[in-house]
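Work through the exercises below with the sequence and the model at hand. Try each task before reading its solution.

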Amino acid sequence: ALFSVPDGKRIGTFTAPAHLTINEAVWIGDELYASATSPEGFGIYHTGGWECVYAPLQCKINHLFSRGALLYFTSDRNGVNELYSLNPADGTLLQLTSTPDGAGDFVFMGDSLYFSRPLAGGKMIFSIAEADLSPRTPGEVYRSPIAEKLSAQMVSTAPDHVDAAAVGEPVKYSKAGHLFRLHSWLPAYFNYDAIKDL
């Protein structure tokens with residue numbers, strides 16, 4: 001559902017296809033775009049007809065925002081979180097940042113890009129002039145050898161056959177029949193050291 005911020009009135013609704021789970025949505029002018037999760041992975045869609053503008057991949061997409069005619073998002077498609085831009089009109093995807101251990105919380109302010117990076121002492125805030133960014137076409141999606149090995153080792157643990165459990169007729173619980181029950185625990189306290197001293 002779409003709501004008007006000033007008065008909270010519902011101004012419209014849209015229904016996603018059954019195989020998509022909507023994560024974030026942003027406007028470019030009058031056009032609404034959404035990042036969504038499907039069985040194939042994370043992708044970006046135009047909500048008018050649910051046309052795919054960024055094909056789903058097995059890497060996350062988050063912190064989706066728009067600026068001008070472009071969509072921006074953080075993704076770990078190269079193994080660490082970096083900032084990407086997508087032109088939904090022609091599908092041009094560019095990787096805008098390249099950091100040693102990844103970055104996040106990207107925000108454009110004025111002519112600079114601000115972001116946070118994890119360091120040994122915690123997260124630190126950095127900035128770079130937008131003119132100093134070196135956009136490039138991203139390479140292939142990173143494949144973790146460890147994750148690939150673990151996925152290959154996954155086997156179904158379901159048994160070949162399942163026998164139905166036999167269920168008898170219900171029997172009424174008898175409080176009197178269960179009044180005196182012997183247990184393996186002794187409901188008494190004793191001080192072993194004091195008894196040993198005797």
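**Exercise 1.** Which residue in β10 is the bridge partner of serine 85?

Solution. This is a predicted model. Start with the two strands: β9 covers residues 82–87 and is joined to β10 by four bridges. The two strands run antiparallel. Now look across from serine 85: its bridge partner in β10 is leucine 94.

**Exercise 2.** Describe the link between β9 and β10, then sort the residues of β10 by face.

Solution. First, the link: β9 and β10 form a hairpin, with four residues between them. In the turn, glycine 91 has a positive phi of about 80 degrees. Next, the faces of β10, which spans residues 92–95. Leu93 and Gln95 make up the covered face. Thr92 and Leu94 lie on the uncovered face.

**Exercise 3.** In what order do the four strands of the open sheet stand, and which are the edge strands?

Solution. The order is β3-β4-β5-β6, with antiparallel pairing. The edge strands are β3 (21–28) and β6 (51–57), since each pairs on one side only. From one strand to the next, the twist averages 15 degrees. Take one pair in detail: β5 (residues 41–46) is joined to β6 by four bridges. Phenylalanine 42 stands opposite leucine 57 in β6.

**Exercise 4.** Which residues form a nonpolar patch on the surface with methionine 109, and where is methionine 109 placed?

Solution. Begin with the placement: methionine 109 is in strand β11, residues 104–109. Then list the patch: Met109 is joined there by Val107, Tyr114 and Ile125. Together, these four residues have about 410 Å² of accessible area.

Conventions:
Residues are numbered from 1 along each chain as its sequence is written. This is a predicted model: local features need pLDDT of at least 70, side-chain atom pairs count only at pLDDT 80 or more; totals for chains, interfaces and linings use all residues. Side-chain values use heavy atoms; hydrogens and water are left out. Patches are made of residues with over 30% relative accessible area and no salt bridge: like charges are joined within 9 Å, nonpolar side chains (Val, Leu, Ile, Met, Phe, Trp, Tyr) within 5 Å. Accessible areas come from the Shrake-Rupley method with a 1.4 Å probe; for residues, only the protein chains shown count as cover. A salt bridge is a side-chain nitrogen of Lys or Arg within 4 Å of a carboxyl oxygen of Asp or Glu. Two strands pair if DSSP finds at least two bridges between them. Axes are lines fitted to C-alpha atoms, for helices over the stretch in contact, and angles run from 0 to 180 degrees between N-to-C directions. Buried means under 20% relative accessible area, exposed over 50%, partly exposed in between (1.4 Å probe, protein chains only).
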